[in-house]
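Here is a short exchange on one model. Please look it over before reading on.

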Amino acid sequence: EEQKRLLGNRPDQPQNPKVLRIAIIGAPNAGKSTLSNQLLGRKVFPVSKKVHTTRCKAQGVITHEDTQLIILDTPGLTNPFKAKRHNLDEAMLTDPWNSMKHADLVLVLVDVSDHWTRNSLSKDVLKCLSQFPHIPSVLVLNKVDMLKKKFLLLEIATDLTEGIVNGKKLEVKSSLKRDSRSSVKPSLHITRAESKVPGSPLGQEKNQAQEGSGLDKSSDAGTGEAQVPKHHEPEDLKDVKGWPHFQEIFMLAALHGEEVDTLKRYLLMQAKPGPWEFHSDVLTNQSPQEICNNIIREKVLEYLPLEVPYGVTQVMEMWEEGECGELLIMQSLLVPRESHKRMLIGRGGKVISRIAQEAGQDLMNAFLCDVRLKLKVEVKG
């Protein structure tokens, strides 16, 4: 009821409100939901090692002083063949595109721990960027902590940007400063000279970041002003690996929150004057039931093998407040086959008990109240 009231109420506007709508796009399982949760400071979006954990477009809201960031956590960019394979609905194909239409800034997330895909942007991501070339974009290299050879970050950054960031060529230095205290610090992000704020902590951090990044933007690319990218047709992208129109590069480890604050401060600085869209107490536009469904689904994905969990249907049987203010939830998980039911329950009920226990803990963290969760498993029909 409180969530409905907050979403229904007119936002509480500060004197000089600023706003930034951010679309986070990338290949499935790049870490988009993990990054969104870290930016929000609470777990709102489902996370799993399996692809397509995020099934719908959801919004997260960060309100800081007079600025509101609206995060559009979109499903991983996919195609009709993969959508059919994973039993995904039509929204999975259209939501990322719809998010782009409303975005003021695009974060393109790349998993640098995946050596098969890290040196080129996926065709779906390139297609998305080329369809909306007027929207500023930022490259975020994620899971940097999992990369043992840090010098590879320079090669990856060069490939993904075609050697150009913010209209300037990248110059790769031969050595990296090493810092044993953090797996990420040898390379923070590439800075734009015009975005530094003299005397501010952010300006200082950006100077340090550029020193340690091992990447310089040389001034031999014309005036250094970012060129407005032209619209590309799909056939033009056939041999393209990177996008030469990124304004910045950030390198972080979203799972551990390393360097996420640096990115967050940058996003707050990019906000433009405009009215807030949500009340300052709103964290997400999802209903509590949607958050609950997503968290349970995340655990089902985590504990069932391969394609099995994509056929599970969730039915909410009970959602009540107990006498002491605790939340009482009962949900049925409907599976297509008896064999799937046995897998989901597990020997002696161990699998379903673990799912209920972990989901219950996440729900308590999300709702900040006691939660009693009961799960039933049944065969459909």
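The questions below cover a sheet, two residues and a pocket.

Reader: What kind of model is this, and how are residues numbered?
Author: Residues count from 1 along each chain as its sequence is written, and side-chain values use heavy atoms, without hydrogens and water. Local features need pLDDT of at least 70, side-chain atom pairs count only at pLDDT 80 or more, totals for chains, interfaces and linings use all residues, and the model is predicted.

Reader: Which strands stand at the edges of the sheet β12-β13-β14, and why?
Author: The sheet is open, and its pairing is mixed. Strands are DSSP runs of E, at least two residues, and helices are runs of H or I, at least four, numbered from the N terminus. Two strands pair if DSSP finds at least two bridges between them. Each edge strand has a single partner, so one side of it lacks a neighbour in the sheet; the edge strands are β12 (313-321) and β14 (371-379).

Reader: Which residue of β14 stands opposite Leu-327?
Author: Strand β13 covers residues 327-335 and runs parallel to β14, with nine bridges between them. Opposite Leu-327 in β14 stands Val-371.

Reader: What angle does helix α11 make with β14?
Author: Helix α11 (residues 350-367) packs on the sheet and touches β12, β13 and β14. Contact means heavy atoms within 4.5 Å. Axes are lines fitted to C-alpha atoms, for helices over the stretch in contact, and angles between N-to-C directions run from 0 to 180 degrees. For α11 and β14 the angle is about 140 degrees.

Reader: Is Ser-137 buried or exposed?
Author: Ser-137 lies in strand β5 (residues 137-142). Its contacts beyond four places in sequence include Leu-105, His-245 and Trp-243. Buried means under 20% relative accessible area, exposed over 50%, partly exposed in between (1.4 Å probe, protein chains only). At 1%, Ser-137 is therefore buried.

Reader: How far apart in space are Leu-153 and Val-112?
Author: Leu-153 sits in helix α6 (residues 152-161). Leu-153 counts as buried because its relative accessibility is 0%. Leu-153 and Val-112 are 41 residues apart in sequence, yet their C-alpha to C-alpha separation is 7.9 Å.

Reader: Which element supplies the largest share of the lining of the largest pocket?
Author: A pocket is an open set of points on a 1 Å grid over the protein atoms alone, where a 1.4 Å probe fits, with protein on both sides within 12 Å along at least five of seven lines; lining residues have an atom within 4 Å of a point. Here 26 residues line the largest pocket. At least two come from each of α1 (2-8), α9, β12 and α11. The largest share, four residues, comes from α1.
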